[in-house]
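Work through the exercises below with the sequence and the model at hand. Each task is followed by a solution in steps.

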Amino acid sequence: MSLIKELDYGTPAKIATQLVTLEIDGQSVTVRAAVEIGTKVPKLCATDSLEAFGSCRLCLVEIEGRRGTPASCTTPVEPGMKVRTQTAKLGKLRRNVMELYISDHPLDCLTCSANGDCELQDMAGAVGLREVRYGYDGANHLKAEKDASNPYFTFDPSKCIVCSRCVRACEEVQGTFALTIDGRGFASKVSAGQAEDFLDSECVSCGACVQACPTATLMEKSVIELGQAEHSVITTCAYCGVGCSFKAEMKGTEVARMVPYKDGKANHGHSCVKGRFAWGYATHKDRITKPMIRASISDPWRIVTWEEAIAHTASEFRRIQAKYGKDSIGGITSSRCTNEETYLVQKLIRAAFGNNNVDTCARVCHSPTGYGLKTTLGTSAGTQDFDSVLEADVILVIGANPTDAHPVFASRMKKRLREGAKLIVIDPREIDLVHTPHVQAQYHLQLRPGTNVAVINALAHVIVTEGLVKEKYVAERCEPGDFESWRAFIAQERNSPEAVESMTGVPAAELRAAARLYATGGNAAIYYGLGVTEHSQGSTMVMGMANLAMATGNIGRVGVGVNPLRGQNNVQGACDMGSFPHEFSGYRHVSEDATRELFERAWNVHLEGEPGLRIPNMLDAAVDGSFKGIYIQGEDIAQSDPNTRHVTDGLRAMECVVVQDIFLNETANYAHVFLPGSSFLEKDGTFTNAERRISRVRKAMPPMAGLADWEVTMALSNALGYPMTYKHPSEIMDEIARLTPTFAGVSYARIEELGSVQWPCNEKAPAGTPIMHVHRFVRGKGKFMITEFIPTDERTTARFPLILTTGRILSQYNVGQQTRRTENTVWHDEDVLEIHPFDAEQRGIRDGDVVALASRAGETSLRALISERMQPGVVYTTFHFAGTGVNVVTTEFSDWATNCPEYKVTAVQVRLTNHPSEWQERYRRDSIDLRRIEAAE
Ligand code: SF4
Ligand code: SF4
Ligand code: SF4
Ligand code: FES
């Protein structure tokens, strides 16, 4: 349990890093900032997350030898300075200032939602204000209208002291520039956008202004409703791979608010709308909190005890194995669950099921990252920590949309771009980053979907043929033979920007200029997302980026690197924990005898040395009749995986589908056992973010279903006859550390001590590893790989002339099980199809029309949004709402090396329609038929 309030140093750490000896109020002190020794200099406009501003004049001090009373927040300490912070003169000046504030402030402290957490109230006390000589009758703002349009916070201008902290937070911390101070003097006021309400403005609801506000002007609605919290628990966001730290401020077992944690090393006290506000799903009425079973999916669910559910599952799995063979069952681990839970599920499958049929959702997102980076660099993870971006001079963003999908990291990236770093964006769409306040991409290479590899090869071609290779770096650090073969390959004319221009749609001159900038602009860093990996050549593209970075010497120090922006909160961890059918934890192949023997000794069981089935293989085998049972923890493959019809056919063909989740998700429609899951607030464990940072998840409330997910897996293992006896997730982490060299130094005690730790963490790096491959690559010498461009088999035709590509938007998370059950739906309550005006006009489509979206795999319908962000010939949508069924349309094509589906390229046709598709009609029927619960009827 932690204190609610953290110390506010008043000025950012960078101003106060050096130790300085000076005299404060007669005492000689060596400090970073005055407040550090407990000197209470009153302040209102200053806070340590923002640059000093010097507007409120409350922090005045006297400095020997200087005239006047300077504001301490804008006056850096100097050695030998003699400062007086508490004199009669200063007290009087401060009271005068406070008097003016209070005379225009509602006198409702006792009933105010900020009572007890209000800096204005604190400062009135600190300066000893006893009376307000001006009275309260003059001109004031007390009747200013409250703006409650935002679903999560209110803006009550009657309480505003115009300190600008909100405006500066929106600019400096978030980088959105949604707020301004309108007017001058007495008339000045905070204004969102063009004097709109918050909901209609540019505001992205990150909450930075709410956090910065010293009064109740900007206030969380949850606090207004519940009151101030009485304790807090530090934990990690359960949404995206940024892995922000939060203080869950609690009132008993209820969350009053989530406040981004200042000492969180991934987020440094910042947040986005999802982690900050969209946590209401955790206690949503749709939560299923009791286990359920049914003999057939056409039966209603029957609520049972945990004992019955576990015994039934174990007996079904053993029955199936006895009848169809040991390999007829398998499981899927969850990137939303903790490392410890994920580790246990793969252990259950390998040790208790007796096979390697385990896979994870990374199969459908970053499996090519694993393959590509491991092959070239030696380990399948991002090379940098997030802070590294602050030293980048050139930022290359490929197939990622950080402002929507990784917003807190995007804010840091935008800060660096505002400082002058150059930006190259490679994306078929004009993502926000291309033009955002005070940021303008130098180059936007708006390629045709499916031509990534041709573009990366052309960039490398320019570097090789124009003599821009860092020869010394390559000679010292990379395999010489592989490099020479690659150099000869990439230098071929067919890889030149001119040769690929017509196919990629990227003007050759622009591509050449971008390549020169990347190679010569200083520290160059690549950040990429699923627009790279979810292609038939996803792994080739990852290797192409590693080639580019090695050739230009851009790996192995701060400010450079190749960095996957991971989608789900613990997708890095799920991969690290051995969730793939061919690897144990730490990415060691199951066929390596020494590794397998290590696990066999530790687990006291025989282990298979042949890789098991991947998710698509499991589904194929189910349709073929040889795969009959599956345990799916925290994944919704019926919505998230491509070619929905094939997925649901596979699930329907199985005899025992076990789904463990917090809601009856789409996959549960085809399940025979439902085991209620626990949310991140209900359990202990760890998540690993996209920078390999392992952070604690701490229990803030008891599990609603009585058991945390790791306890359920353990019970199932015991029922299957393979004993597991962990008493706490820390014991699971200790086992992981014993068996995984890159985790050897990780323990809950170490995480407690350091706050969080980035793997590898072992004897060589006891405090973890922020930057990888510093002196040598993990594999020894970097390996250049030939990256031949082979166009996808998914081609546009006269019947399907457009290309569909998919992605995520800020307020939405993945398939929506969480965010659909929050107020985030106020921003987007349906998936829409973005289409270029030219394509729309050709088809007679107007904004808001319902259109049919058809591919050779299937058809669905949704509303059209005409958008200049698209290029002609390309349409885009999200996959947040199950009823849209976007994955009904996506195909079975996948990455050649990893089977990662080709979500980003589907040939489609779009036409006007006025009714739901056949699939949607059936989905609506199934949603009612397959979700019936007996006890509720
Ligand atoms: S919530 Fe964030 S984006 Fe919105 S006004 Fe506040 S700081 Fe700006
Ligand atoms: S809304 Fe809050 S932070 Fe913004 S100017 Fe008013 S008091 Fe200051
Ligand atoms: S950026 Fe990601 S981890 Fe951070 S608060 Fe938002 S969703 Fe959570
Ligand atoms: S806190 Fe220094 S002037 Fe406001």
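Two strands pair if DSSP finds at least two bridges between them. Helices (H or I, at least four residues) and strands (E, at least two residues) are DSSP runs, numbered from the N terminus. The model is predicted: local features need pLDDT of at least 70, side-chain atom pairs count only at pLDDT 80 or more, and totals for chains, interfaces and linings use all residues. Residues are numbered from 1 along each chain as its sequence is written, chains are lettered from A and ligands numbered from 1 in the order in which they are written, and side-chain values use heavy atoms, with hydrogens and water left out.

**Exercise 1. A sheet of seven strands**

Task: give the strand order of the open sheet with seven strands, and find its edges.

Solution.
Step 1. The order is β13-β12-β27-β26-β25-β14-β15, and the pairing is mixed.
Step 2. The edges are β13 (302–303) and β15 (358–360); each has a single partner strand, so one side of each lacks a neighbour in the sheet.
Step 3. One pair inside the order is β26 (residues 656–661) with β27 (residues 673–676), parallel over four bridges. Val659 stands opposite Phe674 in β27.
Step 4. Helix α21 (residues 615–624) packs on this sheet and touches β14 (329–333), β15 and β25 (629–633), where contact means heavy atoms within 4.5 Å. The direction of α21 makes about 120° with that of β15. For such angles, axes are lines fitted to C-alpha atoms, for helices over the stretch in contact, and the angles run from 0 to 180 degrees between N-to-C directions.

**Exercise 2. A sheet of four strands**

Task: do the same for the open sheet of four strands.

Solution.
Step 1. The strands follow the order β2-β1-β4-β3, again with mixed pairing.
Step 2. β2 (27–31) and β3 (62–63) are the edge strands; each has a single partner strand, so one side of each is left without a neighbour in the sheet.
Step 3. β3 pairs with β4 (residues 82–84) in the antiparallel sense over two bridges. Within this pair, Glu62 has Arg84 in β4 as its bridge partner.

**Exercise 3. The partners of β34**

Task: in which sense does β34 pair with β32, and in which sense with β33?

Solution.
Step 1. β32 (residues 832–835) and β34 (residues 859–866) are parallel, over four bridges. Glu834 is bridged to Leu865 in β34.
Step 2. β33 (residues 850–854) and β34 are antiparallel, over five bridges. Here Ala852 has Ser861 as its bridge partner.
Step 3. The link from β33 to β34 is a hairpin through four residues.

**Exercise 4. Cysteines and ligands**

Task: how many disulfides does the structure contain, and which residues surround ligand 3?

Solution.
Step 1. A disulfide is a covalent bond between the sulfur atoms of two cysteines. The search criterion is a pair of cysteine sulfur atoms within 2.5 Å, and the whole structure yields zero disulfides.
Step 2. A residue is near a molecule if one of its heavy atoms lies within 4 Å of it. Around ligand 3 stand Cys237, Tyr239, Cys240, Val242, Gly243, Cys244, Phe246, Cys272, Lys274, Gly275, Pro407 and Val408.
Step 3. Helices α6 (273–277) and α11 (407–418) each supply at least two residues of this shell.
Step 4. Ala, Val, Leu, Ile, Met, Phe, Trp, Tyr, Cys and Pro count as nonpolar, Asp, Glu, Lys and Arg as charged, and the others, Gly among them, as polar. The shell around ligand 3 then divides into nine nonpolar, two polar and one charged.
Step 5. Ligand 2 is surrounded by 14 residues, the closest being Cys160, Cys163, Ser164, Cys166 and Cys213. By class they are ten nonpolar, three polar and one charged.
Step 6. Buried means under 20% relative accessible area, exposed over 50%, partly exposed in between (1.4 Å probe, protein chains only). Cys213 is buried at 15%, and Cys240 is buried at 7%.

**Exercise 5. Backbone in the loops**

Task: is Val162 buried or partly exposed, and what about Arg692, buried or exposed?

Solution.
Step 1. Val162, in the loop between β5 (153–155) and α3 (165–174), has a positive phi of about 50° although it is not a glycine. At 29% relative accessibility, Val162 is partly exposed.
Step 2. Arg692, in the loop between β28 (685–688) and β29 (693–697), has a positive phi near 65°. Its relative accessibility is 0%, so Arg692 counts as buried.
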